[in-house]
Amino acid sequence: MAMTVRSLFRRALVRGRRRRGGDAPLVILMYHSVVRRALEVEDFCFIRQEEFLAQLDVLRQRFRIVHLEEGVRLLERGGATEPTVVLTFDDGFQDNFDVVFPVLRAAGVPATIFICTDFVDTDRVLWYCRLHDALTRTRQRQLSWNGRRFDLDGVPARTHTVHALKRMLKRLPHPSLESAVDEISKALEPDAESGAPTDRRFRMLTSEAIREMAASGLVEFGAHTGSHAILGKLSRREQRDEIERSISAVADLTGKECRLFAYPNG
């Protein structure tokens with residue numbers, strides 16, 4: 001992993017301070033999942049609740065926190081007049097409701113969540129979570145895939161392997177990527193004694209949770225494709241379908257026009 005969550009957060013704070021007298025003192029932070037219990041194999045998309053709370057405390061002291069739509073309006077008017085930050089969460093994990101939302105509500109802090117709409121109200125999880133889960137639960141000490149051998153002997157080795165595999169998989173068209181994850185997961189033979197359901201920390205949002213957060217006024221929602229496909233690997237027709245499908249689903253889920261979109265891995 002090139003940068004830790006802490007180093008990314010520090011960089012954002014430095015950018016905010018440097019721009020106080022600049023052209024657009026607006027910082028957009030991208031989170032994914034906030035978990036009560038850390039993953040056994042580290043992944044920067046999953047930070048502990050304690051770390052998020054500490055970061056939010058710093059942000060509230062130094063920045064004005066706004067929705068992304070408000071941030072866009074500020075930029076259109078020529079920039080903010082004070083250090084301003086936007087909290088965004090990609091993908092739409094259930095912990096955005098279970099862990100993050102109570103904190104936002106207690107503090108009166110707004111946030112923006114981009115959801116992969118095909119996963120709402122299902123037991124399905126994102127491909128990189130399936131990969132991570134299999135690499136965590138396997139008892140094997142090495143993996144042979146695509147002509148390469150990967151070390152799985154210990155947590156540091158597995159952390160290195162999961163990031164290496166992600167980089168390789170992201171180069172594939174989405175159907176091939178999904179098939180490759182299935183192939184890797186089968187080869188790893190995840191520990192059957194663990195009960196085999198995918199880690200509950202990878203669960204995605206329910207429609208009920210989305211409606212409650214949208215009704216609060218604190219959380220606004222944007223689309224993040226339907227399937228979390230990397231759009232650059234799709235045809236124009238497939239790109240349009242992914243985008244339009246997710247935008248329409250967000251509007252249906254929230255009862256509000258969806259005016260925000262974020263594409264995965266960009």
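Student: Is Asn146 buried or exposed?

Tutor: Keep in mind that this is a predicted model. Asn146 sits in the loop between strand E7 (142–145) and strand E8 (148–151). Its relative accessibility comes to 57%, and the cut-off for exposed is over 50%, so Asn146 counts as exposed.

Student: And what is the phi of Asn146?

Tutor: Most residues other than glycine have a negative phi. Asn146 isn't a glycine, yet its phi is positive, at about 55 degrees.

Student: Which residue in the loop between strand E6 (111–115) and helix H5 (127–137) has a positive phi?

Tutor: Again we're looking for a residue that is not a glycine. The phi in question is about 65 degrees. The residue with that value in this loop is Asp121.

Student: Let's talk rings. How many aromatic pairs are there?

Tutor: A pair of aromatic rings is described by the distance of the centres and the angle of the planes. To count as a pair, the centres must lie within 6.5 Å. By that rule, the number of aromatic pairs is seven.

Student: What kind of pair do Phe46 and Phe93 form?

Tutor: Their centres are 5.3 Å apart and the planes make 65 degrees. Since edge-to-face calls for an angle over 60, the Phe46 and Phe93 pair is edge-to-face.

Student: How many residues apart in sequence are the parts that this pair ties together?

Tutor: Phe46 belongs to strand E3 (residues 46–48). Phe93 is in the loop between strand E5 (84–91) and helix H4 (95–107). Both rings are buried, with relative accessible areas of 9% for Phe46 and 0% for Phe93. So the pair ties together parts whose separation in sequence is 47 residues.

Student: What about the rings of Trp127 and Tyr128: what kind of pair is that?

Tutor: Trp127 is buried at 2% relative accessible area, and Tyr128 is buried too, at 5%. The ring centres are 6.0 Å apart with the planes at 85 degrees, so this pair is edge-to-face.

Student: Which residue lies over the face of Phe119?

Tutor: Here the partner is a charge, and the cut-off is within 6 Å of the ring centre. The distance to the centre of the Phe119 ring is 4.5 Å, and the residue is Arg124.

Student: Last one: which strands do the buried residues of H3 pack against?

Tutor: In helix H3 (residues 68–76), the buried residues are Leu68, Glu69, Glu70, Gly71 and Leu74. Just after H3, Gly78 takes a positive phi of about 110 degrees. As for the packing, the partners of those buried residues are strand E1 (26–31), strand E4 (64–66), E5, E6 and strand E9 (219–223).

Terms used:
Residues numbered from 1 in each chain as written. Predicted model: local features only at pLDDT ≥ 70, side-chain atom pairs only at ≥ 80, totals over all residues. Heavy atoms only, no water. Phe/Tyr/Trp six-rings, centres within 6.5 Å; stacked < 30°, edge-to-face > 60°. Helix = DSSP H or I, 4+ residues; strand = E, 2+ residues; numbered from the N terminus. Buried < 20%, exposed > 50% of the residue type's maximum accessible area, 1.4 Å probe, protein only. Lys NZ or Arg CZ within 6 Å of the ring centre and 35° of its normal. Contact = heavy atoms within 4.5 Å.
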